[in-house]
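This report concerns a predicted model. It turns to the make-up of one chain, then to the contact between chains.

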Amino acid sequence: MSTPNASHHHEHDHHDHHDHTHPHAAIEEEENPLRYEYLLETAIRQLLNEKGVVSAEQIHRQIDLQDSRTPAVGAKVVARAWVDPVFKARLLKDPIEVINEVFGLDITTPLKVVVLENTPAVHNVVVCTLCSCYPRMLLGIPPAWYKALDYRSRVVVEPRKVLAEFGTELPDNVELRVSDSTADLRYLVLPMRPAGTEGFTEEQLAALVTRDAMIGTALPLHP
Amino acid sequence: MSADNHDTDVTKTWSAGTPVRVKSQPPEFHCRTPHYLRGMVGEIIEVAGRFRDPSLLAFNKPGLPMRTLYRVRFKQVDVWPDYNGCPTDTVVADIYEHWLDLITEDQHEHA
């Protein structure tokens, strides 16, 4: 982040040699390769490579796979559930099996994915108070706020207040159900289909399904 | 590793609707039960299946015998005395059988 002084320095670089501000200091700090965690990760990775436990290629393939999982995968699943009751019934019973079959994916996981269906009576929201458990196989990398102590500690204590900060207000008679992902289950929220979307294609519906709607902190977008 | 970490009966399964209390004693070894639920009374809403025991996996053991994992629902007003939401609100956690006790009449009296 440049200070006003620093940008002035850039604009007049050739005739302002007396300005000794250091506009790049903050960037150096952020990307410091000597950070403890960076060195630790590099050391462990190289050891695993050298000992033949896992190759560099396998690690990069896994990173590619992880990067290919984005909230777009979850959004397609939700949109299909909105238009296809048979798919939805199977999704609620055995999500990974039906998602792999219908979307041609090859998700394998020792964890159990549970789909939490929102209804007019129950609104679900997901947290992992102990760490950062998240349905990565369907939504990819969790957002920073999901892993932050602030969200993790507050959403179980004052969930309505936290949801209001996301712009989500629920009626008083709705059961706001916080699922704390404490063990081997990973939760995907199946939001309710927004009104006014009759006749929408699956693609148009999927565009309304945000990541936050599948965590439960927000509702799907309105058409 | 002590054998008392294993209950003798690990095969029985409690059904949805069963009231349970989260064990409140400090857990032996690795426990994935959030502190805010220790000693709380809730209701099983789903039998999630059987998984390797995290309290043993944490110590590089095979995690056997497998343990039944339950989804247990608690009323927010029971968990937080000054809860500022609605009385209908709930919190659900995934808790293993050996970190739960069945509620008996006797325990109700001492609640």
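Chain B contains three helices and five strands, and along the sequence these elements follow one another in the pattern β-β-α-β-α-β-β-α. Of the 111 residues in chain B of this predicted model, 28% are buried. Among the contacts in chain B with a separation of 6 or more, 60% are accounted for by residues 24 or more positions apart.

Chain A is divided into two parts, domain 1 (20–66) and domain 2 (69–215), and the C-alpha centres of domain 1 of chain A and domain 2 of chain A are 31 Å apart.

In the contact between the chains, 22 residues come from chain B and 22 residues from chain A. On the side of chain B that touches chain A, the elements that give two or more residues are β2 (41–51) and β4 (90–96) of chain B, with β4(B) supplying the largest share, seven residues. The residues on that side of chain B divide by character as set out below.

| Character of residues, side of chain B that touches chain A | Residues |
|---|---|
| Nonpolar | 13 residues |
| Polar | six residues |
| Charged | three residues |

Strand β4(B) also takes part in strand pairing across the two chains: β3 (residues 175–180) of chain A and β4(B) pair in the parallel sense, over four bridges. Within this pairing, Val178(A) has Val91(B) in β4(B) as its bridge partner. The strand that gives the largest share of the side of chain B that touches chain A, β4(B), is thus also the one that pairs with β3 of chain A.

Terms used
Residues are numbered from 1 along each chain as its sequence is written. Chains are lettered from A and ligands numbered from 1 in the order in which they are written. This is a predicted model: local features need pLDDT of at least 70, side-chain atom pairs count only at pLDDT 80 or more; totals for chains, interfaces and linings use all residues. Two residues are in contact if their C-beta atoms, placed from the backbone, lie within 7 Å. Ala, Val, Leu, Ile, Met, Phe, Trp, Tyr, Cys and Pro count as nonpolar, Asp, Glu, Lys and Arg as charged, and the others, Gly among them, as polar. Two strands pair if DSSP finds at least two bridges between them. Domain bounds come from an automatic or database domain assignment. A residue is buried if 20 or more other C-beta atoms lie within 10 Å of its own, exposed if 12 or fewer, and partly exposed in between; C-beta atoms are placed from the backbone.
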